[in-house]
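Got your viewer open? Let's walk through this one a selection at a time.

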Amino acid sequence: MFAITPNTLSTFMNSISKYIVLLSLLLIGIATFLIIFIENDYYQGISFKIMFIHVPAAWLSLAIFLAMGISSIIGLIFKSPTAFTIARSLSPIGLIMSIIVLVTGSIWGNLTWGAYWVWDARLTSMLILAFIYLGHILLLYSFEHFQKSDFAASILAIIGMVNLPIVKFSVDWWTTLHQGSSVLKIGGPSMTNDYLITLLVSFLGIFMLTMYWFSNIFYIIIEKRKIERSKLLND
Amino acid sequence: MHIIKLNKQIKKRFIFLLIIFVCFSTSISLISYSLKDQIAYFVEPTDLKDMNELENKYLRVGGLVKENSLKFIDGSWVFEVIDQNKNSINVIFSKTLPSLVEEKKGIIVEGKLINNTFIAEIVLAKHDENYMPQSAIDKLKEEGKWRGD
């Protein structure tokens, strides 16, 4: 990974981004169709269908932070600009995903629990994750040079990784209002296969869309880095 | 010679990051372990038996609504919250219940315990992580595999 230059990765992603966006639109189309025509839950009725946005966004917000943390570690250890640029481009996508989780979650919560927001362990740790994303972005853009901001933001990303198992296992470690995990849990998924397929198609569609978005942000940041480098050389 | 020097630096940076990560994860886990009673969102009726000075203390109790206990008497809802160990408390609630509150389903009540009756101020419905359509339940019932209810 650290042997790959940012340029080769960017060229590769640009060459496949057209197919990725088409695939993501196709998958999101199929998922929308499935979500509309699937049967309602026996207990929650139609309101549970918001899960097909809420859960993929939640998985992605955790997975993106994990990827960000790992690329920050690689960047700091090997001084790799590629890894730093990956972390920098992932951060805004993760923030948007965690905001989607919080918003869809409170709509769902109001429909089923009877409250938009409670301070239980899952909801609070998810809010903290969103704030860490926000802090990461603020750190990335509060220094003049890439080198300093990459260092500061990477340390935050590595420290912030401590929060990931707390978000994931908060429903098992403490009593919460939020329900437990339905898919990634011991004993297999606790939903019927048609729901599971809809969830996975929806997840893949949103994942592909974030990949497309990631490749665009990555390209922009590489161009910015080139401008900064040429400025430094001219001075 | 150059490669050896680089490896040394990489090792140094790796150890630096490892120390940061271990320190933070240890401190966070110690904090959350010592605060585990505060982090827990609710207690079960069984936990109330071990607690002292329950009168007039603001509590959050969770469990299932007991079968055949949900009644509407004199303008307020009366029901029992039961947990896995079959311990239960009587609850009175004088506002509108969330639409998902049903017998044998999860519930969380917030309020005070006065004379062995829980006066609830807030009631929240707690649904579990199982999702299935009615048709799947009917099919399971036909096959005699349905364990719920």
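In what order do the elements of chain A run from the N terminus on? Color chain A by secondary structure and follow along: α-α-α-α-α-α-α. That comes to 7 helices and 0 strands. Keep in mind as you click around that this is a predicted model.

**Stop 1: chain A as a whole.** Show just the C-alpha trace and turn it about. Along its principal axes, the trace spans about 65 × 40 × 30 Å. The radius of gyration of chain A is 19 Å, close to the 18 Å given by the globule rule for 235 residues, so chain A is as compact as a globular protein of that length. Of those 235 residues, 38% are buried. If you like contact maps, here's one more: among contacts in chain A with a separation of 6 or more, 78% are between residues 24 or more positions apart.

**Stop 2: helix α6 of chain A.** Select residues 163-173 of chain A and show side chains. Which residues of this helix are buried? They are Asn163(A), Ile166(A), Val167(A) and Ser170(A). Now look down the axis of α6(A): the buried residues fall within an arc of 100°, so they line one face of the helix. The background is simple: an α-helix has 3.6 residues a turn, so residues three or four places apart point the same way. To see what this face packs against, add α2, α4 (121-140) and α5 (146-160) of chain A.

**Stop 3: where the chains meet.** Bring chain B back. Here 32 residues of chain B are in contact with 33 residues of chain A. On the chain B side, select α1 (2-34), α2 (36-39), β6 (117-126) and α4 (134-143), each of which supplies at least two of the touching residues. α1(B) gives the most, with 9 residues. Color that side of chain B by residue type and you'll get 21 nonpolar, 6 polar and 5 charged.

**Stop 4: the largest nonpolar core.** This core has 77 residues, and the ones touching the most other members are Val81(B), Val91(B), Ile107(B) and Val109(B). The top contributor is in the other chain, though: helix α2 (residues 51-78) of chain A gives the most to this core, with 13 residues.

Finish by centering on Ile107(B). What does Ile107(B) touch, leaving out residues up to four places away in sequence? Select Gly62(B), Gly63(B), Leu64(B) and Val65(B), then add Val81(B), Val101(B), Val123(B), Ala125(B) and Lys126(B).

Key. Residues are numbered from 1 along each chain as its sequence is written. Chains are lettered from A and ligands numbered from 1 in the order in which they are written. This is a predicted model: local features need pLDDT of at least 70, side-chain atom pairs count only at pLDDT 80 or more; totals for chains, interfaces and linings use all residues. A nonpolar core is a set of buried Ala, Val, Leu, Ile, Met, Phe, Trp, Tyr and Cys residues joined through C-beta atoms within 7 Å. A residue is buried if 20 or more other C-beta atoms lie within 10 Å of its own, exposed if 12 or fewer, and partly exposed in between; C-beta atoms are placed from the backbone. Helices (H or I, at least four residues) and strands (E, at least two) are DSSP runs, numbered from the N terminus. Two residues are in contact if their C-beta atoms, placed from the backbone, lie within 7 Å. The radius of gyration is taken over C-alpha atoms; the globule rule is 2.2 Å times the number of residues to the power 0.38. Ala, Val, Leu, Ile, Met, Phe, Trp, Tyr, Cys and Pro count as nonpolar, Asp, Glu, Lys and Arg as charged, and the others, Gly among them, as polar. The arc is that of the directions from the helix axis to the C-beta atoms.
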